[in-house]
Amino acid sequence: MARDKVTIQDIADALGISRNTASKALNGTKGIPDDTRNKVIKKAKEMKYKQFSFMEDDSKLSKSSKNIALLTENLPNTSHFGSTLISGLEKRISAEGYNLSIHIIRDIDQQSLSLPNNFDVSNVDGIICIELFNLEYSSLITSLGIPTIFIDCSAHVCFPEFQADVLLMENEHSTYLLTKKLIDGGYTTFGFVGDFNHCRSFNERWVGFNRALTESGIQLNLSQCVLEEDQYFFSSPSWADDRLKDMPELPSALVCANDYIAVNFMKALKNQNHSIPGDIVVCGFDNGPESKIIEPHLTTVHIYSNEMGVTAAEMLLSRISHPEQPHQVSHIYTKPIFRDSTPDII
């Protein structure tokens, strides 16, 4: 099917240059020879590239627009750690005179590797990506040559090749600590619930969980885990019930990738007349509002969301000011919180 939307790749192909070079030329990035930049701009005009606002005075391209774009697949709701994170982030960048615009990345955008229609590449100084875990689409964003930070990212990122800063909550050690506490409390069979390929944070939690078991000489029984793709966890109200029924035998402890998953499996366990913590103990991750409402209250891990937002803003502002500095992969400490769903480790 013919495309009616010209992309940076089309411009690069027409000139026989790399996509990265074409992107940097269009965005006024330093280090691109003037003749190359002029050729790219000329070709973009000829091809009617609509995502680039051309100016009579090309020198204006390097001028700051004081705009930062937040790209996300799902806008976080008020119970998600991301909503507090965005609040902290916006306050920090506003203090430096930047505006924040939010752009939802639809499935069709990811499938066609297209930027949102309202995203103007020439009018953005920096990009923040939240809940954006498609590696191919992430590579499209980094190829734009615009300072970018990912808050969490694809589970399959290879950092030496990933041209962006990454900020995560600390995942591995907190999950390791929770699991080790359960082992020390006498629990001997364990299940992990969550798609460890969904995102980097889930993957790190899976790693911490397995490290605790390995160090203690405990063999993981995969039949006591629920590791399906993340989309299935939202597929139907009875999905968690069905997965529990599929287990030949319940483990003595469930370690869940986040609180949403933990709460849903706690409800499913209750539906099947299993006692928590009498028959099985459960822990989650995020310290969301639901963790304090569900009975028994859920053992979880607290994320310092507001502080993550401030740190993400500072990392991006630093990248905008110093685009050539080495990229960073940073973790913000998290704090395990022990509640009644795991009474032996309180």
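These legends accompany close-up views of a predicted model. Local features need pLDDT of at least 70 and side-chain atom pairs count only at pLDDT 80 or more, while totals for chains, interfaces and linings use all residues. Residues are numbered from 1 along each chain as its sequence is written, and side-chain values use heavy atoms, with hydrogens and water left out.

**View A. Helix 1 packs against helix 3.** Helix 1 spans residues 8-15 and helix 3 spans residues 34-46; helices (H or I, at least four residues) and strands (E, at least two) are DSSP runs, numbered from the N terminus. Their axes lie 10 Å apart at an angle of about 115°, where axes are lines fitted to C-alpha atoms, for helices over the stretch in contact, and angles run from 0 to 180 degrees between N-to-C directions. The crossing is right-handed (the near helix is turned clockwise from the far one by less than a right angle). Look for Ile11, Ala14 and Leu15 in helix 1, which meet Lys39, Val40, Lys43 and Ala44 in helix 3; contact means heavy atoms within 4.5 Å. Sorted by class, this contact has five nonpolar, no polar and two charged residues (nonpolar: Ala, Val, Leu, Ile, Met, Phe, Trp, Tyr, Cys and Pro; charged: Asp, Glu, Lys and Arg; polar: the others, Gly among them).

**View B. Helix 9 crosses helix 10.** The axes of helix 9 (residues 239-246) and helix 10 (residues 259-271) come within 8 Å and cross at roughly 65°. This crossing, too, is right-handed. Helix 9 brings Trp239, Ala240, Asp241, Arg243 and Leu244 to the contact, and helix 10 brings Asn264, Phe265, Ala268, Leu269 and Asn271. Here the classes come to six nonpolar, two polar and two charged residues.

**View C. Helix 6 has a cap and a set of buried residues.** At the N-terminal end of helix 6 (residues 135-142), asparagine 134 acts as the cap, with a side-chain oxygen 3.0 Å from the backbone nitrogen of glutamate 136. Further along, Tyr137, Ser138, Leu140, Ile141 and Thr142 are buried, that is, under 20% relative accessible area (exposed is over 50%, partly exposed in between; 1.4 Å probe, protein chains only). The buried residues of this helix pack against helix 2 (19-26), strand 1 (67-72), helix 5 (107-112), strand 3 (126-130) and strand 4 (148-151).

**View D. Serine 154 sits in a loop between two strands.** The loop joins strand 4 to strand 5 (165-169), and serine 154 counts as buried at 2% relative accessibility. A polar atom of its side chain lies 3.0 Å from the backbone nitrogen of histidine 156. Leaving aside residues up to four places away in sequence, serine 154 touches Leu132, Phe133, Leu135, Cys199 and Arg200.

**View E. Threonine 189 lies in the loop between helix 7 (172-184) and strand 6 (190-193).** With 30% relative accessibility, threonine 189 is partly exposed. Its side chain places a polar atom 2.8 Å from the backbone nitrogen of serine 252. Residues up to four places away in sequence aside, threonine 189 touches Gln224, Pro251, Ser252 and Ala253.

**View F. Cysteine 256 and cysteine 283 are not bonded.** Their sulfurs are 6.8 Å apart, too far for a bond, and a disulfide needs cysteine sulfur atoms within 2.5 Å. The structure holds zero disulfides. Cysteine 256 is buried at 4% relative accessibility, and cysteine 283 is buried at 1%.

Key: A polar contact is a pair of N or O atoms within 3.5 Å; within protein, one must be able to donate a hydrogen and the other to accept it, and residues adjacent in sequence count only if both atoms are side-chain atoms.
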